[in-house]
Amino acid sequence: MLTVHHLNNSRSQRVLWLLEELDLPYEIVHYQRDPKTMLAPASLKAVHPLGKSPVVTTDDGATLAESGAIIESLIERYGQGRLAPAPGSPEALRYRYWLHFAEGTAMSPLLLKLVFDRIETSKMPFFAKPVAKAIAAKAKSAFINPNIASHLNFMEAELGKSEWFAGDAFTGADIQMSFPVEASQARGGLDAKRPKLMAYLERIHARPAYQRALQRGGPYELLS
């Protein structure tokens with residue numbers, strides 16, 4: 001049986017969702033972030049040297065890491081034609097692109113925004129606070145926020161071409177893209193001014209498999 005090493009409030013929620021969409025049996029080993037550092041516990045390093053989630057242990061003993069690689073591998077192995085376009089089709093090119101875009105492009109400025117937001121609110125000596133806040137504000141206004149806006153505009157336009165990211169059918173690319181889109185709504189300025197993306201969120205949140213994954217994974221608040 002597949003085992004998901006699931007860190008609370010993390011990208012591994014997508015893996016639970018994928019397994020629910022594929023209707024595969026799986027077990028969950030739960031891990032909790034340190035309440036002060038918000039980092040994963042050291043016990044995850046016993047599963048994978050980097051000590052990060054998601055990690056999946058397969059029924060033949062293989063260990064899979066990285067969200068996109070996990071999604072792609074599990075669909076290839078268990079999908080039986082589901083959740084991926086036909087090889088060689090135009091949709092297959094889009095599918096692979098969005099699988100990589102999610103972490104390779106979309107998440108970078110969102111993670112930076114999380115870091116600099118925390119710099120602005122972190123405790124530090126009073127004389128350092130103005131300098132830190134000024135640096136954080138400059139980084140966000142000059143680089144981070146414009147990049148997030150550019151990515152959101154691009155994604156909005158792409159969803160104007162089809163209902164889902166890889167075409168007219170829901171695929172694993174939509175599961176992978178869910179995290180940056182949800183993170184954009186949480187802290188990246190995504191709102192009703194981009195109706196295609198907001199409608200996309202409504203569609204994924206309404207999927208029964210998404211809701212079952214939330215029930216099994218526990219409370220979900222986007223952090224990283």
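Biologist: In which sense, parallel or antiparallel, do strand S1 (residues 2–7) and S2 pair, and over how many bridges?

Modeller: Keeping in mind that this is a predicted model, one starts from the general idea that strands of a sheet pair through backbone hydrogen bonds, either parallel or antiparallel. Here S1 and S2 pair in the parallel sense, and 6 bridges join them; to place yourself along that pairing, take Leu2, whose bridge partner in S2 is Tyr26.

Biologist: Which unit do S1, helix H1 (residues 12–21) and S2 make?

Modeller: Together, S1, H1 and S2 form a β-α-β unit, and this unit is right-handed.

Biologist: What is the order of the strands in the open sheet, and which strands are at its edges?

Modeller: The sheet has 4 strands in the order S2-S1-S3-S4, and its pairing is mixed. The edge strands are S2 and strand S4 (63–65), each of which pairs on one side only, and from one strand to the next the twist averages 20°.

Biologist: How do S3 and S4 run, and what stands opposite Val56?

Modeller: S3 and S4 run antiparallel and are joined by 3 bridges, with Val56 standing opposite Leu64 in S4.

Biologist: Which strands do the helices H1 and H2 touch where they pack on the sheet?

Modeller: H1 packs on the sheet in touch with S1, S2 and S3, and its direction makes about 150° with that of S1. Helix H2 (residues 67–78) also packs on the sheet, where it touches S1, S3 and S4, and its direction makes about 130° with that of S4.

Biologist: Turning to a single residue, where is Ser53 found, and is Ser53 buried or exposed?

Modeller: Ser53 is found in the loop between strand S2 (26–31) and strand S3 (55–57). The general idea is to compare relative accessibility with a cut-off, since buried means under 20%; Ser53 counts as buried because its relative accessibility is 14%.

Biologist: Which residues are in contact with Ser53, leaving aside its neighbours within four places in sequence, and which backbone atoms does its side chain reach?

Modeller: With those neighbours left aside, Ser53 is in contact with His5, His6, Leu7, Ser10, Ser12 and Leu44. Two of these residues can be followed at the atomic level, in that the side chain of Ser53 reaches the backbone oxygen of His5 at 2.9 Å and the backbone nitrogen of Leu7 at 3.3 Å.

Biologist: What separation is there between the C-alpha atoms of Ser53 and Ser67?

Modeller: Those C-alpha atoms are separated by 8.5 Å, while Ser53 and Ser67 are 14 residues apart along the chain.

Definitions and conventions. Residues are numbered from 1 along each chain as its sequence is written. This is a predicted model: local features need pLDDT of at least 70, side-chain atom pairs count only at pLDDT 80 or more; totals for chains, interfaces and linings use all residues. Side-chain values use heavy atoms; hydrogens and water are left out. Helices (H or I, at least four residues) and strands (E, at least two) are DSSP runs, numbered from the N terminus. Buried means under 20% relative accessible area, exposed over 50%, partly exposed in between (1.4 Å probe, protein chains only). Contact means heavy atoms within 4.5 Å. A polar contact is a pair of N or O atoms within 3.5 Å; within protein, one must be able to donate a hydrogen and the other to accept it, and residues adjacent in sequence count only if both atoms are side-chain atoms. Two strands pair if DSSP finds at least two bridges between them. A crossover is right-handed if, with the strands pointing away from the viewer, the path from the first strand over the helix to the second runs clockwise. Axes are lines fitted to C-alpha atoms, for helices over the stretch in contact, and angles run from 0 to 180 degrees between N-to-C directions.
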